[in-house]
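Here's a quick briefing to read with the model open beside you. We'll go through a surface patch, then charges, then rings.

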Amino acid sequence: MTPSFRPVRRSLPWLLAGLSMIGPFSIDAVFPAFPLIGSDFRVDSAELQQLISVYLLTYAVMSLFHGAISDAIGRKPVIVTGILVYALASAGAALSTSYTMLLACRALQGACAGAGLVVGRAIVRDSLEGAAAQQMMSRVMMIFSIAPVIAPMMGAQMLFLDGWHGIFWVLMGFTLMLGGALILYLDETHPPAQRTVFAPRSLLAGYVSFGRDKPFWPLLISVSVNFAGLFLYISSAPHIIRELLHLSAQGFPWLFMPVVIGLVVGAWLSGRLASRRSVAFTVNLGYASLLSACALHLLLALVLPRPMLPWSMLPLVLHGVGVQLAFPTLTLLLLDRFPHQRGGASSVQAFCSLMLCSVVAGVLSPMLSGHMLYLALGATMLTVIGWLAWRWYQRTTQRPLAREREVPGVEEAFETELAEPR
């Protein structure tokens, strides 16, 4: 911890975990309600996809601003305001009398949902250093990664409350309670002395300064691609389960349970290694696990004439372990390139990751989900790109950097550890 800050409250990981669940639940919990919404408003499946598209569009655009605004006015006001406006948008969605009104409320949900995740990452690095920061990030990302798996199942149960309206009422209630907890228990971690001015020119200058920092680019690529290979299988789940494995809707746990097991084990390992091994070792181990998973996917796709349970799904365990080992540390490395603009750096990372996941779900998944070999090749390509970017970063930081250190003393020592891993 930075000496100027009070001790971190025990409630912080729970608050950040709650914030991390909003985005996945906003998307996946709505899927089971599509038939009811389509029937009520007389819209077809193509129009129903707009419920996801408008949400993702506003989420992506606003993710570029949440962090920069928090750099200017503080972390807590941005998160609390975002949560309360999200609750208002959820109530509007539940009360929608037309499909246009429902889409408008979904757009407002997307504009606010990213505030907690983007600014929450900056809060972790504001408050903690070294192993403690890595452990906290691992816990938060474990919840974030598991949420998309359980959200559809919970969404189906919410339909019994009040049809599709019940999903939005539950989202409203959850975010109102979370907002109250944030007001009471979330401490401001970005003091006025460290804040920057929020203006279009300064915002653009900040993003330009990111681009001029040579280690920032390989880190951005590596952290953005890190989850994409696993997300290719997750976004292709309906086709894998129904068309390739020939299972009913009850067969989805065959894909999602290995993912959950891998993510949980990876988060536990990341926390254990944080105080024992260097950041370079942890990320290298993560990519070793990811590349091993890809090799097994390719081998099983070539050896088996058709996918076979449980073998075809088992490599997803290694994939989940690798993601959780690498992602928290890569995120901290990225944020620490700019200690006074962590919110802005987190915004750029969230935007790029979201755009890449949108391409994976909208382009790569439809192209590759017809055969397990194609999926394995796609996941391998994405993983290799991430690993090459990580190697690029290591080569870059082994050379002397001309960039001045922005924070002296204890902060400088930790930044050196992150920027130049052993």
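**Briefing: patch, bridges and rings**

Let's start with leucine 299, which is found in helix α14. Keep in mind that this is a predicted model. A search of the whole structure turns up 2 salt bridges and 6 aromatic pairs, and the bullets below walk through some of these.

**The nonpolar patch**

- Leucine 299 counts as partly exposed, because its relative accessibility is 48%, and buried would need a value under 20%.
- Leu299 has company: Leu296, Leu299, Leu302, Val303 and Leu318 make up a nonpolar patch on the surface.
- Taken together, those patch residues have about 450 Å² of accessible area.
- Which helix gives the largest share of the patch? That's helix α14, spanning residues 279-303, with 4 residues.

**Salt bridges**

- In one of the bridges, the side chains of arginine 75 and aspartate 71 come together at 2.7 Å, N to O.
- Both partners here, arginine 75 and aspartate 71, are buried.
- The side chains of arginine 337 and aspartate 213 also form a salt bridge, at 3.0 Å, N to O.
- Arginine 337 lies in the loop between α15 (315-335) and α16 (342-368), while aspartate 213 lies in the loop between α9 (200-212) and α10 (216-225), so this pair ties together parts that are 124 residues apart in sequence.
- Is arginine 337 buried or exposed? Arginine 337 has 1% relative accessibility, so it counts as buried.
- Its partner aspartate 213 is buried too, with a relative accessible area of 5%.

**Aromatic pairs and a cluster**

- Of the 6 aromatic pairs found in the whole structure, two are picked out here.
- Phenylalanine 41 and tryptophan 164 have ring centres 5.6 Å apart and planes at 55°, so this pair is tilted.
- That pair links distant parts of the chain, with phenylalanine 41 in helix α2 (residues 34-41) and tryptophan 164 in helix α8 (residues 164-185), 123 residues apart.
- Phenylalanine 41 is buried at 18% relative accessible area, and the cut-off for buried is under 20%; tryptophan 164 is buried at 2%.
- Tryptophan 390 and tyrosine 393 make a stacked pair, 5.5 Å centre to centre with 25° between the planes.
- Why are tryptophan 390 and tyrosine 393 separated by about one helical turn? They sit 3 residues apart in helix α17 (residues 372-397), which means about one turn between them.
- Tryptophan 390 is buried, with a relative accessible area of 0%, and tyrosine 393 counts as buried with 0% relative accessibility.
- Back at phenylalanine 41, there's a wider grouping to look at: Phe41, Tyr99, Trp164 and Phe168 form one aromatic cluster.

**A charge over a ring**

- The charged end of arginine 277 sits over the ring of phenylalanine 281, 3.8 Å from the ring centre.

**Threonine 396 in helix α17**

- Threonine 396 has its place in helix α17, and the stacked pair of tryptophan 390 and tyrosine 393 belongs to that helix as well.
- Where does a polar atom of the threonine 396 side chain lie 2.9 Å from a backbone oxygen? Look at tryptophan 392, whose backbone oxygen is the partner.
- Threonine 396 is buried, with a relative accessible area of 4%.

Key: Residues are numbered from 1 along each chain as its sequence is written. This is a predicted model: local features need pLDDT of at least 70, side-chain atom pairs count only at pLDDT 80 or more; totals for chains, interfaces and linings use all residues. Side-chain values use heavy atoms; hydrogens and water are left out. Patches are made of residues with over 30% relative accessible area and no salt bridge: like charges are joined within 9 Å, nonpolar side chains (Val, Leu, Ile, Met, Phe, Trp, Tyr) within 5 Å. Accessible areas come from the Shrake-Rupley method with a 1.4 Å probe; for residues, only the protein chains shown count as cover. A salt bridge is a side-chain nitrogen of Lys or Arg within 4 Å of a carboxyl oxygen of Asp or Glu. Helices (H or I, at least four residues) and strands (E, at least two) are DSSP runs, numbered from the N terminus. Buried means under 20% relative accessible area, exposed over 50%, partly exposed in between (1.4 Å probe, protein chains only). Rings of Phe, Tyr and Trp (its six-membered ring) pair if their centres lie within 6.5 Å; planes under 30 degrees apart count as stacked, over 60 as edge-to-face and the rest as tilted. A charge sits over a ring if NZ of Lys or CZ of Arg is within 6 Å of the ring centre and within 35 degrees of the ring normal. A polar contact is a pair of N or O atoms within 3.5 Å; within protein, one must be able to donate a hydrogen and the other to accept it, and residues adjacent in sequence count only if both atoms are side-chain atoms.
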